[in-house]
Amino acid sequence: MRPTAPTTARGLDADLRLTRGAFALDVTLSAEPGEIVALLGPNGAGKSSALRALAGLVPLSGGHVRVDGVDETATAVEHRPIGMVFQDYLLFEHLSALDNVAFGPRCQGAGRTEARSRAAELLDHMDLADHAHARPRQLSGGQAQRVALARALAVRPRLLLLDEPMAALDASTRIDVRARLRHLLEDFDGVTVLVTHDPLDAMVLADRIAVIESGRVVQRGEPAEVARRPRTSYVARLVGLNLFRGRGEGESVALAAGPDGDGVARVAVREPHEGPALVAFPPRAVALYPEHPHGSTRNVWRLTVEGIERFGDQVRVHLTGPLSLVADITPAALAELGLARGDTVWAGVKAAEVECYPD
């Protein structure tokens with residue numbers, strides 16, 4: 001079926017609704033040309049389902065996929081203006097890097113010379129000219145990723161889909177490859193949708209982030225905004241913040257009862273707020289004391305140590321009581337406090353360290 005006539009809209013406009021057994025996906029996405037949107041979420045949240053729906057690899061139960069104003073919802077996969085880089089790259093092992101990249105243009109009807117010329121130009125742009133005749137098994141992980149990206153771009157897509165592009169790389173190469181990928185994507189004038197479960201990939205590569213949980217978008221925005229003001233416990237854990245939901249009552253927020261039902265905890269905030277609110281603060285902002293502290297700290301709670309873990313030059317202390325939170329302290333502070341699981345300690349956070357925003 002031919003796509004419907006284009007409108008004046010540019011970029012991506014997608015309303016993705018599908019049901020597979022007990023799982024339901026209901027996600028809307030939009031992006032301007034040149035934008036990179038990251039889909040971030042836990043395993044099973046629906047990120048890959050959304051990507052496959054955009055590609056046409058799974059049929060929608062409802063909604064639409066419009067690219068540059070053209071409704072591609074009923075268009076066959078091979079005729080959609082998309083390029084896709086799979087998690088494992090899926091390069092053809094029997095073809096050279098050059099012929100892998102030339103494969104798409106050949107399928108579109110380009111002659112062998114034209115297709116190979118376009119492939120050579122892309123490989124040169126990605127600093128892979130010296131590896132044009134290498135087979136995939138002769139390439140490093142980062143090189144294979146760039147070949148897969150070149151192959152996706154060779155068909156001149158308007159929508160580029162990246163499925164966990166860093167997953168196949170070892171930790172030692174991820175930093176360099178991530179930076180190079182961001183640089184290469186800056187030259188792409190279509191829309192890029194990136195699926196990842198790694199917050200660092202999303203923060204470094206994306207212009208905007210959509211967080212998906214249980215088939216729904218629970219938060220979207222620019223990376224810095226998502227990191228500063230998480231809206232779910234999943235996002236808070238990813239960006240390393242303590243997050244609580246409650247109701248603003250002027251200069252404090254009343255939280256729900258603690259896990260043991262021991263009343264309402266309050267968090268003093270730096271700016272007055274009324275109504276449903278979220279409060280967040282980093283673990284480094286939490287100071288621990290053996291006795292009730294004296295001074296200007298307005299947030300003080302008596303909590304129980306639930307667990308202690310060391311990482312790098314820090315110690316993370318998990319605390320529970322009227323509210324559950326984590327504190328990052330130094331090994332010296334841990335030794336001075338003599339903390340162990342089950343001990344009671346006082347935790348303090350200055351109101352100036354607390355971010356408060358509408359729920």
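Helix α3 (residues 112–125; helices being DSSP runs of H or I of at least four residues) has 14 residues that, at 1.5 Å a residue, should span 20 Å, and its end C-alpha atoms are indeed 20 Å apart, which agrees. The expected span here is 1.5 Å times one less than the number of residues. The model is predicted, with local features needing pLDDT of at least 70 and side-chain atom pairs pLDDT 80 or more, while totals for chains, interfaces and linings use all residues. Residues are numbered from 1 along each chain as its sequence is written, and side-chain values use heavy atoms, without hydrogens or water.

Within α3, Ala115, Arg118, Ala119, Leu122 and Leu123 are buried (under 20% relative accessible area, 1.4 Å probe, protein chains only). They cover an arc of only 135° around the axis, taken from the directions from the helix axis to the C-beta atoms, which puts them on the same side of α3. Thr113 and Glu121, on the other side of α3, are exposed (over 50%). The buried residues pack against α2 (97–107) and α4 (141–153), contact meaning heavy atoms within 4.5 Å. After α3 comes Asp127, with a positive phi near 60°.

Helix α3 also takes part in a pocket, meaning an open set of points on a 1 Å grid over the protein atoms alone where a 1.4 Å probe fits, with protein on both sides within 12 Å along at least five of seven lines. To the lining (residues with an atom within 4 Å of a point) of the second largest pocket, α3 gives the most, with four residues. Leu122, Leu153, Arg156, Asp187 and Phe188 lie nearest the centre of this pocket, among 14 lining residues.

How values were computed:
Helix = DSSP H or I, 4+ residues; strand = E, 2+ residues; numbered from the N terminus.
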